[in-house]
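Got your viewer open and ready? Let's walk through this one together, one selection at a time.

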Amino acid sequence: MIEGFTALYIFMLAGFVGYEVIGRVPVILHTPLMSGSNFVHGIVLVGAMVALGHAQTDLERMIGFIGVMLGAGNAVGGYVVTERMLEMFKSSKEKPQ
Amino acid sequence: MIELSYFAAAVLFILGLKRMSSPVTARGGIVWAGAGMVVATLVTFFHPGLSNFGLMILAMLIGGGAAWYTGKKVAMTDMPQMIAIYNGMGGGAAASIAAVELLKGHFDTGTFQTLAVAGALIGSVAFSGSMIAFAKLQGLIKRSILFPRQQLINLAVFAATLVFGLILIFSEAPAGFAIFMFFMLALLFGILMTLPIGGADMPVVISLYNALTGLAVAFEGFVLGNAAMIIAGTVVGAAGTLLTQLMAKAMNRPLTNVLFSGFGAQGGEAMEAVEGSMKEVGPMDAAAMMAYANKVVIVPGYGLAVAQAQHKVWEFVQLLEEKGVEVKFAIHPVAGRMPGHMNVLLAEAGVPYDKIYDLEEINNEFPQADVVLVIGANDVVNPAARNDPNSPIYGMPILNADKARNVIVVKRGKGTGFSGIENALFFLDNTRMLYGDGQAVASQLIAEVKQL
């Protein structure tokens with residue numbers, strides 16, 4: 001378990017990292033990066049799995065099921081879309097005009 | 001072992017995002033982040049005390065499969081709404097986690113209970129808001145929806161949501177009714193908040209919801225004591241907030257203004273009447289104007305994306321360059337539906353980066369341009385943003401296309417653009433309208449230039 005000030009430290013440092021990472025991004029990559037960060041919060045899937053795994057009543061199971069479904073959609077969709085977008089950047093580099 | 005894997009996943013996410021911030025390594029970045037996701041997901045199956053594995057796998061197959069299929073199938077031009085919908089799903093998942101935890105109702109401390117409720121609120125708003133954003137971009141909802149006392153009603157709904165949120169925070173074991181009301185109100189607020197926002201503001205909104213989902217994921221990460229969720233969620237929350245600010249700044253409008261002003265539908269009558277008439281031009285004359293120009297600046301907009309005209313336009317540009325015409329692309333920060341949307345499309349067509357210019361870089365060059373070719377762009381070249389204080393887009397930096405010697409506007413029809421604002425540029429004396437689908441027009445231009 002992560003508690004109290006440790007949690008606050010993690011929060012602060014991770015926030016700083018996020019700010020720094022995007023601060024150096026050229027405009028040209030804003031869309032792929034938004035999509036990429038969208039994929040990264042797909043990690044919510046892990047939490048939804050835990051929630052469903054601990055569910056005891058039918059209602060909890062149902063909500064957990066929806067959560068896992070949505071989380072998986074976020075992760076998979078985010079990945080596919082970002083990859084397609086970035087792949088395009090690559091191909092445009094390979095055949096410079 | 002599980003903690004170690006989550007740690008590895010968090011490291012991979014950050015390194016992945018870092019690599020995504022440079023065009024050279026971007027492709028590798030998403031693969032790194034993807035590897036982190038696979039590790040984290042697989043190891044979660046070994047989390048102690050879990051059951052319902054069958055349901056879990058079934059849900060993953062349904063959600064993942066649907067997203068895989070739509071993500072692979074969707075056209076490049078529809079990317080923005082897909083990001084909106086996947087992002088909304090993440091918010092919904094975070095809200096679901098909170099719902100399950102609240103139903104269980106035994107929190108170690110009040111802090112966790114508060115975080116669960118906060119994450120639930122943010123996640124729900126991001127979920128329903130993103131769905132509305134998707135519906136708008138997909139054309140399912142055509143116009144900004146405004147009704148009397150809208151802001152008052154929104155505020156009331158938000159206040160009611162907060163009241164139920166506080167009830168949940170301060171009750172020992174939250175009642176099912178309160179939980180239900182809380183989530184319904186939060187979802188309703190997300191819908192109401194997004195409905196009046198339209199037009200050029202949509203990129204900012206999607207980016208904002210992206211950041212919100214990140215934050216919600218981080219909060220639920222605290223509740224579950226899951227370091228990977230905390231770190232990944234917070235990183236996205238911070239990065240998304242910065243990106244949102246950059247976008248709002250590009251439009252010269254504070255974020256509060258974007259969210260609460262009901263863009264594009266207010267004050268329609270109060271605006272200065274646009275004088276003059278639209279003058280048409282045929283592809284032959286337009287092609288001749290550009291072929292004999294010294295300098296041509298191309299301003300692409302969402303219409304280019306819709307028409308998939310980027311390849312034809314680039315072919316046309318190459319023909320012009322053979323004739324010794326200097327051609328530059330001018331990209332407004334919010335052209336299209338997302339920042340960098342136009343850059344992605346032009347990159348797809350193979351336009352080199354050094355021909356593409358940002359607003360600040362090129363705005364002083366418009367007076368020297370013989371012809372500005374506007375393809376499917378509207379609000380970002382509307383001089384009303386400079387001249388007319390009553391215009392909803394007043395104050396937004398625009399590309400000064402109207403200062404060029406000649407302007408050719410490629411447009412599908414005579415109507416107003418996505419934001420519903422009349423564009424004074426189209427009525428100027430030096431403006432000629434070239435009606436037609438972007439790709440068809442570009443093909444005609446290519447044929448005409450070849451005959452010259």
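Start by selecting Arg61(A): this residue is partly exposed, with a relative accessible area of 24%. Keep in mind as you look around that this is a predicted model. Now add Asp58(A), which counts as exposed at 61% relative accessibility. The two form a salt bridge, and the closest N and O atoms are 2.9 Å apart. Both residues sit in helix 4 of chain A, which runs over residues 58-94. They are three residues apart there, about one turn of the helix.

Stay on helix 4 of chain A and go to Glu83(A), then bring up Arg27(B) as well. Their side chains meet in a salt bridge, at 2.7 Å from N to O. This pair crosses between chains: Arg27(B) belongs to helix 2 of chain B (residues 26-44), while Glu83(A) is in helix 4 of chain A. Are the two partners buried or exposed? Glu83(A) counts as buried, with 14% relative accessibility, whereas Arg27(B) is partly exposed at 22%. The cut-off for buried is under 20%.

Next, move over to chain B and select helix 1, residues 2-20. Try a quick check with your distance tool: at 1.5 Å a residue, these 19 residues should span 27 Å, and the end C-alpha atoms are 27 Å apart, so the two values agree. Now color the buried residues of this helix, among them Ile2(B), Tyr6(B), Phe13(B), Leu17(B) and Met20(B). Ser5(B), Ala9(B), Ala10(B) and Gly16(B) belong to the buried set too. Where do they sit around the axis? The buried residues cover an arc of only 145 degrees, which puts them on the same side of helix 1 of chain B. Turn to the other side of the helix and you'll find Leu4(B) and Phe7(B), which are exposed.

For the last stop, select Lys328(B) and Glu365(B). Their side chains meet in a salt bridge, 2.9 Å from N to O. Lys328(B) lies in strand 2 of chain B (residues 326-331), and Glu365(B) is in the loop between helix 15 (359-362) and strand 4 (371-375), so the pair ties together parts that are 37 residues apart in sequence. Both ends are tucked away by the numbers: Lys328(B) is buried at 11% relative accessible area, and Glu365(B) is buried at 16%.

Don't leave yet: add Lys295(B) and Glu326(B) to your selection. Together with Lys328(B) and Glu365(B), they are linked in a network of salt bridges. Want to keep exploring? A search of the whole structure finds 10 salt bridges over all chains.

Methods. Residues are numbered from 1 along each chain as its sequence is written. Chains are lettered from A and ligands numbered from 1 in the order in which they are written. This is a predicted model: local features need pLDDT of at least 70, side-chain atom pairs count only at pLDDT 80 or more; totals for chains, interfaces and linings use all residues. Side-chain values use heavy atoms; hydrogens and water are left out. Helices (H or I, at least four residues) and strands (E, at least two) are DSSP runs, numbered from the N terminus. The expected span of a helix is 1.5 Å times one less than its number of residues. Buried means under 20% relative accessible area, exposed over 50%, partly exposed in between (1.4 Å probe, protein chains only). The arc is that of the directions from the helix axis to the C-beta atoms. A salt bridge is a side-chain nitrogen of Lys or Arg within 4 Å of a carboxyl oxygen of Asp or Glu.
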